[in-house]
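Colleague: Could you take me through one part of this model closely? I care about enclosed space and the elements around it.

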Amino acid sequence: MNKIDFRNAFFDEMYSLANKNKNLVFLTGDISAHSLPKFQKKFPSRFYNLGVAEQNMITVATGLAMNKKKVFVFSMIPFLTMRCFEHIKIDICSHNLPIVLIGIGSGLSYDTDGHSAQAIFDIGIMRMLPELEIYNPSDPISAKKICKIVSTSKRPSYVRLDKSQQVSIYNERENFNANFKIFGNNSKNCIISSGIMTHKCLILKKELMKKNINLEIMDLIKIKPINESKLIQKLKKYKNIFIVDENTFSGGISSILSEIFIKNKFYKNINFYCLKNTQDVGCYGNRDWLQKRNNIDFNHLIKSITNIIKKND
């Protein structure tokens with residue numbers, strides 16, 4: 001199967017939507033993607049590069065949205081979220097404007113660029129905004145379908161895109177109206193993951209089948225808000241639950257799920273695999289090396305999950 005860049009899948013769909021919606025406007029903070037030049041060429045009056053001035057970009061987006069434009073805003077995740085947090089909170093969310101924030105570089109995407117470019121804290125701060133919906137697509141098809149969903153949303157949305165090319169794990173018939181999708185069946189063991197890490201977990205599932213260990217994989221596509229009652233109902237059947245996340249425990253899906261479990265008095269054998277709560281300043285390496293440093297690499301996951309399942313059989 002061909003690998004497709006998350007950005008191209010998302011922006012190709014945005015281009016198609018712009019052909020039908022003359023009010024769709026795109027803003028970028030001096031960052032591009034292969035699929036964007038055709039949008040700029042066909043809709044020059046609806047494409048604005050506002051340069052390395054992300055806070056100003058949020059203010060411009062707010063003004064456009066207040067004038068009935070459907071605004072898509074694009075930048076690297078740390079600059080879009082942390083640098084602009086107060087502007088997003090006050091300008092966009094307090095007015096509940098249906099602006100789409102598109103962040104590139106989820107998790108450790110910008111691996112060798114160091115901690116300032118990595119997106120391992122953004123979920124934690126963005127989920128504090130009550131009005132904001134957060135999506136974390138796991139493949140090109142989910143990225144494409146989420147673009148269509150947020151294009152008609154009446155609330156502000158934040159979409160995290162990985163900076164990589166991946167094969168599709170979904171088919172075009174999926175509607176992604178639910179928070180999550182489960183791969184597999186007839187198992188008492190479940191891995192919950194999201195985004196790029198879902199691919200690793202699906203490979204891990206195949207490897208463990210060789211050891212006669214069956215796992216189901218739950219892919220969290222929409223991480224805010226989560227339908228808590230539906231989630232808990234689906235998880236009740238499992239004996240062992242493993243949460244695999246390329247974010248820090250504080251603020252990532254690990255802490256989101258922990259809060260849900262405690263609030264709903266849901267107690268199982270739950271195991272967490274996520275990044276350490278540190279910025280790792282001055283530590284540089286590729287994504288595989290960084291994952292290994294944080295014990296979320298393939299070999300560690302297989303060994304640890306195998307031992308836990310065998311121990312609890």
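Modeller: What follows is a close look at one cavity, with its walls and the strands behind them.

First, the ground rules. This is a predicted model, so local features need pLDDT of at least 70 and side-chain atom pairs count only at pLDDT 80 or more, while totals for chains, interfaces and linings use all residues. Residues are numbered from 1 along each chain as its sequence is written, and side-chain values use heavy atoms, with hydrogens and water left out.

Searching the whole structure turns up 2 cavities of 30 Å³ or more. A cavity is a set of points, on a 1 Å grid over the protein atoms alone, where a 1.4 Å probe fits but cannot get out; its lining residues have an atom within 4 Å of a point. Grid points are joined across faces, edges and corners, and the volume is the space filled by probe spheres set on the points.

The largest cavity comes to about 110 Å³. It has 13 lining residues, and the closest to its centre are Leu108, Gln118, Ile120, Asp280 and Asn294. Its lining holds 5 nonpolar, 6 polar and 2 charged residues. Nonpolar covers Ala, Val, Leu, Ile, Met, Phe, Trp, Tyr, Cys and Pro; charged covers Asp, Glu, Lys and Arg; the others, Gly among them, are polar.

Now the part to look at closely. The second largest cavity has a volume of about 60 Å³. Ser106, Gly107, Asn136, Arg160, Asp162, Ser194, Gly195, Ile196, Met197, Asp245, Glu246 and Asn247 line this cavity. Sorted by type, the lining has 2 nonpolar, 6 polar and 4 charged residues. Two elements give two or more residues to it: α8 (196-209) and β13 (240-248). Such elements are DSSP runs numbered from the N terminus: helices are H or I with at least four residues, strands E with at least two. β13 gives the most, with 3 residues.

Take α8 next. The helix is largely enclosed by the rest of the structure, because 10 of its 14 residues are buried. Buried means under 20% relative accessible area, exposed means over 50%, and partly exposed lies in between (1.4 Å probe, protein chains only). The buried residues of α8 are Ile196, Met197, Thr198, His199, Lys200, Cys201, Leu202, Leu204, Lys205 and Leu208. Ile196 and Met197 also belong to the cavity lining.

Cys201 deserves a check. It has 1% relative accessibility and counts as buried. Its sulfur is 9.6 Å from the closest cysteine sulfur, in Cys190, so the two are too far apart for a bond. A disulfide needs a pair of cysteine sulfur atoms within 2.5 Å. Cys274 is also buried, at 13% relative accessible area. For Cys274 the closest cysteine sulfur is in Cys201, at 13 Å, which is too far for a bond. The disulfide count is 0.

Cys190 leads to strand β10. This strand covers residues 189-193, and 5 of its 5 residues are buried. Asn189, Ile191 and Ser193 point one way, while Cys190 and Ile192 point the other way.

β10 has pairing partners. Two strands pair if DSSP finds at least two bridges between them. β10 runs parallel to β13, the strand from the cavity wall, with 4 bridges. Cys190 has Ile241 of β13 as its bridge partner. β10 also joins β11 (residues 216-220) through 4 bridges, again parallel. Here Ile191 stands opposite Ile217.

For context, look beyond these strands. An open sheet of 7 strands has the order β3-β2-β4-β5-β7-β6-β12, with mixed pairing. β3 (47-49) and β12 (222-224) are its edge strands, each pairing on one side only. Within this sheet, β4 (residues 70-76) and β5 (residues 100-104) are parallel over 5 bridges. Phe74 stands opposite Ile102 of β5.

One contrast in exposure rounds this off. Pro130 sits in the loop between α6 (122-126) and β6 (133-135). It is exposed, at 59% relative accessible area. Its C-alpha atom is 37 Å from that of Asn186, 56 residues away along the chain.

How values were computed. 1 Å grid on protein atoms, 1.4 Å probe; cavity = no way out; pocket = protein on both sides within 12 Å on 5 of 7 lines; lining within 4 Å.
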